[in-house]
Amino acid sequence: MKEKIFIFDTTLRDGEQVPGCKLNAKEKLDVAIKLEALGVDIIEAGFPASSPGDFESVKLLSQHIKSTTICALSRAHEDDILQASNAIKNAVKGRIHTGIGTSNIHIKHKFNSNQKDILERAIKMVAFARNLAPEVEFYAEDAGRTDNDFLARVVESVIKAGATIINIPDTTGYCLPTEYFDKIKYLKNHVPNINKAILSCHCHNDLGLAVANSIYGAMAGARQIECTINGIGERAGNTSLEEVVMILKQHDDLNLYTSINTPLLTQMSRYVEDTMRMPVQANKAIVGANAFSHSSGIHQDGFLKKNETYEIIKPEEVGADGSKILLTARSGRSALAFRLHKLGFNFTRDDIDLIYPKFLIFADSVKEVFDHHLNDLATTCLNTMLPVCEAKTN
Ligand code: KIV
Ligand code: ZN
């Protein structure tokens with residue numbers, strides 16, 4: 001029996017913190033409506049205590065979003081928690097996400113404190129939040145660099161205080177996948193009341209490992225993944241939603257599933273790219289412009305014989321336009337014939353052998369060969385190489 005991974009989208013909180021990505025309340029609501037349609041389970045709508053504008057955004061989303069949980073971030077401060085609870089008070093399903101740094105470096109340098117006081121504050125603030133919200137998630141900031149024994153004590157205590165979701169953030173993107181797996185397993189094995197809570201992965205991408213760490217966290221027993229559309233977020237970003245969702249979908253052997261409506265992924269990505277003005281790199285997995293493009297001769301030949309030789313996902317599964325055969329000086333005869341055929345030129349194999357060297361000379365002089373180039377090339381060949389070249393246009 002497959003188990004569900006809850007998708008906690010933090011595009012509107014961790015993603016929106018990125019300079020240039022800030023949204024007003026109306027823009028946030030438009031993104032949230034699309035996230036709800038996409039099927040995310042929880043939307044982290046913002047950090048109400050951070051500014052009056054963000055308070056209003058969280059409040060607006062709480063009024064309009066009906067089927068998805070609306071979550072508000074807060075530090076472990078009474079005032080932050082009060083503001084978070086006020087902002088989500090109209091939500092059909094509301095959650096407060098509060099927490100504190102638990103690594104030695106955070107305890108010493110951020111809080112000038114010690115483990116005992118941090119533990120007490122965590123317990124007190126979770127209990128305080130639990131009286132004000134239907135659901136409390138606790139984050140142990142910098143859990144990735146937190147000693148596992150202390151982390152286990154914190155987790156056990158905040159569950160006793162009323163938290164039902166425990167976030168284990170790799171805040172600095174430091175962990176290796178195996179380390180993060182071991183951390184989640186350690187908590188599963190050493191926290192006596194762990195079955196009263198869901199463990200959550202919140203991984204940053206400083207070493208390019210956010211997605212891998214989240215998947216390893218889920219393999220170790222975490223059942224919520226915190227992620228953003230296009231992987232946007234602080235510094236190098238967060239776990240990319242589209243990547244974790246498609247990894248879980250592709251790997252049946254993991255026995256995990258999400259409720260994400262995957263054919264909406266590409267349009268969601270484009271919408272966030274435009275609204276938050278954060279361009280997606282062309283080679284980005286799943287949603288990048290080249291994710292379904294084939295340009296080298298060897299790949300194109302295989303792909304044209306059978307798509308699955310070079311594609312593990314069908315473009316329509318993620319709402320992409322379709323696979324593309326691009327032409328460059330690295331492309332082969334099969335791709336050239338395919339593209340010419342698409343333009344209506346029915347050349348024989350022998351014709352293509354004659355045209356191909358001319359194509360390569362031209363292709364070496366440009367980055368990519370487009371349809372208008374091909375039209376010119378084919379027309380020139382038809383005029384100069386006839387009657388050798390037997391092709392006719394359709
Ligand atoms: O990266 C992090 O630790 C966070 C917390 C506030 C959850 O974003
Ligand atoms: Zn974060």
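Visitor: When do two strands count as paired, and which strands of this predicted model make up the closed barrel?
Guide: Two strands pair if DSSP finds at least two bridges between them. In this predicted model, pairing of that kind is parallel and closes a barrel of eight strands. From one strand to the next, the twist averages 25 degrees. The order of the barrel is β2-β3-β4-β5-β6-β7-β8-β9.

Visitor: Which residue in β3 is the bridge partner of D9?
Guide: Strand β2 covers residues 6-9 and strand β3 covers residues 42-46. The two run parallel and are joined by two bridges. The partner of D9 in β3 is I43.

Visitor: What angle does helix α6 make with β5?
Guide: Helix α3 (residues 52-64) lies across β3 and β4, at about 150 degrees to β3. Helix α6 (residues 115-130) also packs on the sheet, where it touches β5 (94-101) and β6 (136-141). The direction of α6 makes with that of β5 an angle of about 170 degrees.

Visitor: Which residues coordinate the zinc ion (ligand 2)?
Guide: The donor residues follow the spacing D-x187-H-x1-H in sequence. Their donor atoms, one OD and two NE2, lie at 2.1 to 2.2 Å from the zinc ion. The coordinating residues are D14, H202 and H204.

Visitor: How many residues apart in sequence are the parts that D14 and H204 tie together?
Guide: D14 belongs to helix α1 (residues 11-15), whereas H204 sits in the loop between β8 (198-203) and α9 (210-219). Both residues are buried, that is, under 20% relative accessible area. Because of where the two lie, the pair ties together parts whose separation in sequence is 190 residues.

Note on methods: Residues are numbered from 1 along each chain as its sequence is written. Chains are lettered from A and ligands numbered from 1 in the order in which they are written. This is a predicted model: local features need pLDDT of at least 70, side-chain atom pairs count only at pLDDT 80 or more; totals for chains, interfaces and linings use all residues. Side-chain values use heavy atoms; hydrogens and water are left out. Helices (H or I, at least four residues) and strands (E, at least two) are DSSP runs, numbered from the N terminus. Axes are lines fitted to C-alpha atoms, for helices over the stretch in contact, and angles run from 0 to 180 degrees between N-to-C directions. Contact means heavy atoms within 4.5 Å. Donors are N, O and S atoms within 2.8 Å of the metal (3.2 Å for Na, K and Ca); water is not among the atoms, so sites may look incomplete. Buried means under 20% relative accessible area, exposed over 50%, partly exposed in between (1.4 Å probe, protein chains only).
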